[in-house]
Structures are given as C-alpha cells and as structure tokens.
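This report describes the fold of one protein chain, from the pairing of its strands to the packing of its helices. The sequence and the model are shown first.

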Amino acid sequence: MQSARVDDTLTVAYQIEPSDIDAIRAAGFVAIINNRPDGEAFDQPAGAEIAAAAEAAGLAYTALPVGRDGVGPELIEGFRQAMDAAGGPVFAFCRTGTRSINLWAMSQAGRREASELVALAAGAGYDLSRLTPMLQHLAAREAAG
C-alpha cells in the first residue's frame, strides 16, 4: 500500500485492498474516503468490499468517486463534511492519490491559504501549483458567503 502523509489530518494513497483496512486502523486512522469510481480497472476491488471491511474494523467510510465528469461542488462539500465528521486522521485513496489530494485541497480552500495547501501537497509528493488560481477562487467565494 503506497501512501503519503499530507498533515496530521490526512494521508492520501494509491488504491487499497480490503486486506489493508486493519493496517490503516492500526496506524490510527478513523475514517476512509474512497475517491475512485468502481470499475475503473479490472483488478480493482469494489468499493462495497472496502466499505464492508472498514465498517467491520469500526472505521467511517465515505465514497466520493471522482470520475470522468471531474470535481463538482457536491464532491468538494462531501469531502469537507467527511473530514469534519471524522474527528481524527483520515485516509483517502483513489488510483494514485492525485484525485484525493486535489479534492482535499479544494475542500480546504478558505480554511487555509492556497500557498499552504500547495506546500503541504508538495511535501507529500504532489504538485498542486496549477490549482492555485482555483484554490484562491474557492476561498474568495467562501469568504463572500
């Protein structure tokens, strides 16, 4: 399982397997966010399998698949709500972690400066510099109410 710690609240990862859930729980995570749509690859476990394993381990599980339609306001708000409800460290995954970290950054716009979000992502190995204008726009929109 390949993962990258972003900060104390989030780690992003490549696709996980149901058998990874116990290790995720043992590492102190309290919630899992799945950003990968089912059926994207033939060897990918179904989200329902991961959800069942998470539930059995006592972890919160949220499915927010980012597919061909991209990211919309409902996914950004869903990620924000899942992070807020977790009450502890969250483990988010997709195929390579990229969709998860992009969605996290957008969900945190307005709560943190764009430069901080980009720096945290860079520290985890993801270049979000191209998202800076979007993050600034989302922050301004949030500030306006």
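## Strand pairing at the N terminus

Ser3 stands opposite Ala13 in strand E2. In this predicted model, that pair belongs to the region where E1 and E2 (residues 10-13) are joined in the antiparallel sense by four bridges. The connection between E1 and E2 is a hairpin of two residues.

## Overall composition and dimensions

The protein contains six helices and five strands. Read from the N terminus, its elements follow the sequence β-β-α-β-α-β-α-β-α-α-α.

The C-alpha trace spans about 40 × 30 × 30 Å along the principal axes of the protein. The radius of gyration is 15 Å, which agrees with the value near 15 Å that a compact globule of 145 residues would have.

## The sheet

The five strands make up an open sheet with mixed pairing, and their order across it is E1-E2-E5-E3-E4. E1 (3-7) and E4 are the edge strands, each of them paired on one side only. From one strand to the next, the twist averages 20°.

At the E4 edge, the pairing is with E3: the two strands, residues 31-34 for E3 and residues 60-63 for E4, run parallel and are joined by four bridges. Within this pair, Asn34 stands opposite Ala63 in E4. How are E3 and E4 related through helix H2, and what is the handedness of the unit? Together with H2 (residues 47-56), the two strands form a β-α-β unit that is right-handed.

## Helices on the sheet

Helix H2 lies across three strands, namely E3, E4 and E5 (90-93), and runs at about 160° to E4. Helix H3 also packs on the sheet, where it touches E2, E3, E4 and E5. The direction of H3 makes about 170° with that of E3.

## The contact of H3 with H4

The packing of two helices is described by the angle between their axes and the distance between the axes. For H3 (residues 73-86) and H4 (residues 98-108), the angle is about 85° and the axes are 8 Å apart. H3 is therefore roughly perpendicular to H4, because an angle of 65 to 115 degrees counts as such.

Which residues of H3 and H4 meet? On the H3 side they are Leu75, Ile76, Phe79, Arg80 and Met83, and on the H4 side Ser100, Leu103, Trp104, Met106, Ser107 and Gln108. By class, the residues of this contact of H3 with H4 comprise seven nonpolar, three polar and one charged.

Technical notes. Residues numbered from 1 in each chain as written. Predicted model: local features only at pLDDT ≥ 70, side-chain atom pairs only at ≥ 80, totals over all residues. Heavy atoms only, no water. Pairing = 2+ DSSP bridges. Right-handed = clockwise from strand over helix to strand, strands pointing away. Axes fitted to C-alpha atoms, helices over the stretch in contact; angles between N-to-C directions. Parallel < 35°, antiparallel > 145°, perpendicular 65-115°, else oblique. Contact = heavy atoms within 4.5 Å. Nonpolar A, V, L, I, M, F, W, Y, C, P; charged D, E, K, R; others polar. Rg over C-alpha atoms; globule rule 2.2 N^0.38 Å.
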